[in-house]
Structures are given as C-alpha cells and as structure tokens.
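Colleague: I'm new to this structure and would love a close look at a single part. Could you walk me through the salt bridges?

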Amino acid sequence: MTIRLITAFVLALLFATAFGRYYIPWLVKQKAGQMIKTIGPNWHLHKQGTPTMGGAIFILAAFLVVLTVGFEGMLKGNYSHLFVLLFAMVFGVIGFLDDWKKLKNKENTGLTTKSKFLLQLAAALIFVLIMNKAGYITDKLYFPFSNTEIPVPKWVYFILSAFVIVGTVNAVNITDGVDGLATGTSIPVILFFVAVTYIAGSEYLQLGVFASGLLGGLVGFLFFNFNPAKCFMGDTGSLFLGGAIAALAFAYDMPIILLTLGFVFIVETLSDIIQVTYFKLTHGKRIFKMAPFHHHLEMGGWTGKKWKEKELFFLFSGVSLLFAIISFIGVYHRYM
C-alpha cells in the first residue's frame with residue numbers, strides 16, 4: 001500500500017512539473033490572461049495578463065494517477081476514487097465555463113452567481129445519491145474526537161450534504177486570491193486524507209491513490225503558482241480542488257471533519273459574509289479593510305502591518321497544517 005501511495009505522488013509530481021513547462025507558455029500564446037479586479041489591492045494590477053486555468057496541471061496529474069496507479073483497484077471492482085475524480089471534474093468544468101466567459105468578455109466576471117450555485121447544487125446532490133447507492137457512504141454522521149456515529153434521516157443527510165459540498169467548493173474558491181494561497185492551504189488538507197488512508201488500511205486505498213496523486217499534482221503546480229506566480233489555477237482549478245476536498249470528506253464518510261480540516265477556508269468565507277452583511281446593515285461601514293480576510297491582512301488591517309504575499313502563504317499554509325494535524329488526531333481512534 002505504501003508503495004502505491006508513494007508511486008501516485010511521485011508520478012503526479014513529475015507529470016505536473018513537466019507538463020507545466022509546456023502548458024503555461026501555450027496559455028501565454030493563447031492570450032489566456034487573468035483580468036484583475038480594480039476594487040482589489042492596487043498592487044495586484046501588475047498581475048494583469050498572468051495565464052489562468054493553470055488548474056488543468058494538477059487535474060490532469062490526478063487523472064493520470066487514477067487511471068494508472070488506481071487501475072489495479074478498478075479491476076477488483078473498487079471505483080470510489082473514480083467517482084471522486086469525476087465529481088471534482090464536474091466542478092472543474094463549471095469553473096472552466098466561468099474562466100472561459102471571463103476571457104471571452106475580457107473582464108473578471110463570468111457565470112452569474114445564481115447559475116453557478118444551481119449547477120453546483122445539482123452536481124452535489126447527484127454525487128451524494130450515487131455514492132450512497134453504490135454503498136461508498138452511509139446516512140450516518142461520524143463525529144470526530146468523540147468517535148461516535150449518529151444516524152439521520154436520508155433526506156436530511158442529502159440536503160445537508162449538498163449544501164456542505166457547495167459551501168466547501170466556494171470556500172476554496174474564495175481563498176484563491178493571493179499567489180499560491182489556495183494551493184498552499186489545500187496541500188495539508190489533501191495530505192490529511194493520505195495519512196488517514198495509511199492508518200485505515202486497504203479499505204480506502206483507492207481514495208488514497210487519488211489523494212496522493214492530487215497532492216503530487218499540487219506540489220508540482222506550486223512551482224508555477226508560488227509568488228511571483230507564473231500561472232493562476234483559475235476557477236477551473238479552485239472549483240475542482242474544492243470539489244475534490246468535499247468529495248473526499250464524504251467518501252471517507254467523515255464530512256464533519258471539514259469543520260476543523262477546512263478551518264482556513266471557513267475563516268475566509270465568514271470574513272466575506274460578515275463584511276457584506278455589516279456593510280448592508282450599516283449602510284457602507286466595514287469591519288475589514290477588504291474581504292476575504294487575506295486581503296484585510298494584505299492591506300494592513302487592525303495592526304497596520306501590510307502582509308506580503310509570501311508571508312500570507314506561509315501563515316495560512318501553516319495554520320492549515322496545524323488544523324490538519326488536529327483533524328488527524330480527531331479521527332485517529334476510528335481506525336486504531
């Protein structure tokens with residue numbers, strides 16, 4: 001099992017770093033440059049034209065691993081990793097449509113919020129229904145740390161699941177606002193699932209192969225996405241990544257772990273919600289200099305220190321790693 005997990009990681013890492021060297025120049029030739037919002041920090045404007053849709057690098061890396069390292073498991077009838085991949089790719093397609101529309105219109109607005117939400121909600125419901133029908137997930141809620149399970153009515157489970165998935169997907173998307181931030185904060189999250197596979201055994205090996213492949217793809221992509229970024233993942237990448245994280249949490253039958261595992265994403269999302277709500281209630285006042293929270297720190301909020309992008313990367317990635325470790329402790333006794 002260890003060999004297959006390592007093989008998945010190394011194969012994806014090598015593919016991502018090699019493919020990126022050719023893919024990014026191709027994006028430049030296609031003039032697939034990101035449009036930067038003028039309402040953001042003005043020092044981000046120099047990023048105008050940086051290639052977007054770079055998420056295809058780690059998406060294809062994960063796809064390659066699923067079909068090669070994961071092939072043996074499919075011969076034995078285990079397709080759980082394939083379900084997770086296809087589900088994440090549905091969100092990636094939604095993100096691609098959003099990116100494509102932005103490029104076509106040469107502005108930083110793509111699909112409408114309503115259309116994106118409805119597409120994501122439909123995808124989430126279909127995924128939960130299929131995974132439940134196939135026997136990969138149950139209608140019991142597992143509570144980490146207390147190591148208990150509580151059965152809930154299926155209709156309640158499905159509705160809650162759909163909204164949790166959509167929320168997770170968009171939380172990762174919101175975090176993607178600084179060079180390498182969504183990548184760096186997602187790496188410890190995916191590493192958590194690889195670690196769970198290692199202690200859980202062969203039952204989750206197929207899922208672990210996918211997680212390890214995605215981890216390798218993200219590390220490879222980080223070479224191009226770290227500040228100063230040569231390429232952005234775009235909504236193509238961030239929606240795929242959010243879909244993969246949510247799908248893995250449900251496939252491992254522990255969606256509640258997202259409360260701690262996704263701590264950074266939750267903080268980013270809450271800061272956005274609080275800012276908008278407070279702005280409307282007070283007719284123009286703000287709690288944060290700018291939301292989400294990473295922009296607040298970037299603009300010197302509260303302390304006056306203006307955090308640089310590299311500093312934000314290490315801060316948020318470090319916090320994400322800390323909560324990944326806490327989450328691992330919370331589920332450890334489920335398997336040991």
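Modeller: Asp98, Lys116 and Asp235 are joined in a network of salt bridges in this predicted model. Within that network, the side chains of Lys116 and Asp235 meet at 3.8 Å, N to O. This pair connects distant parts of the chain, with Lys116 sitting in helix H5 (residues 113-133) and Asp235 in helix H9 (residues 234-251), 119 residues apart. Are these two partners buried or exposed? Lys116 has a relative accessible area of 15%, and because that is under 20%, Lys116 counts as buried. Asp235 is buried as well, with a value of 8%.

Let's move on to another pair. Glu149 and Arg334 form a salt bridge through their side chains, at 3.4 Å from N to O. Glu149 belongs to strand S2 (residues 148-151) and Arg334 to helix H13 (residues 309-335), so this bridge ties together parts that are 185 residues apart in sequence. Here Glu149 is partly exposed, at 41% relative accessible area, and Arg334 also counts as partly exposed, at 21%.

There is one more pair to visit. Lys76 makes a salt bridge with Glu72, and their closest N and O atoms are 3.7 Å apart. Lys76 is exposed, with a relative accessible area of 68%, whereas Glu72 is partly exposed at 41%.

To put these pairs in context, the structure holds five salt bridges. As general background, side chains of opposite charge can pair when their charged atoms come close.

Definitions and conventions
Residues are numbered from 1 along each chain as its sequence is written. This is a predicted model: local features need pLDDT of at least 70, side-chain atom pairs count only at pLDDT 80 or more; totals for chains, interfaces and linings use all residues. Side-chain values use heavy atoms; hydrogens and water are left out. A salt bridge is a side-chain nitrogen of Lys or Arg within 4 Å of a carboxyl oxygen of Asp or Glu. Buried means under 20% relative accessible area, exposed over 50%, partly exposed in between (1.4 Å probe, protein chains only). Helices (H or I, at least four residues) and strands (E, at least two) are DSSP runs, numbered from the N terminus.
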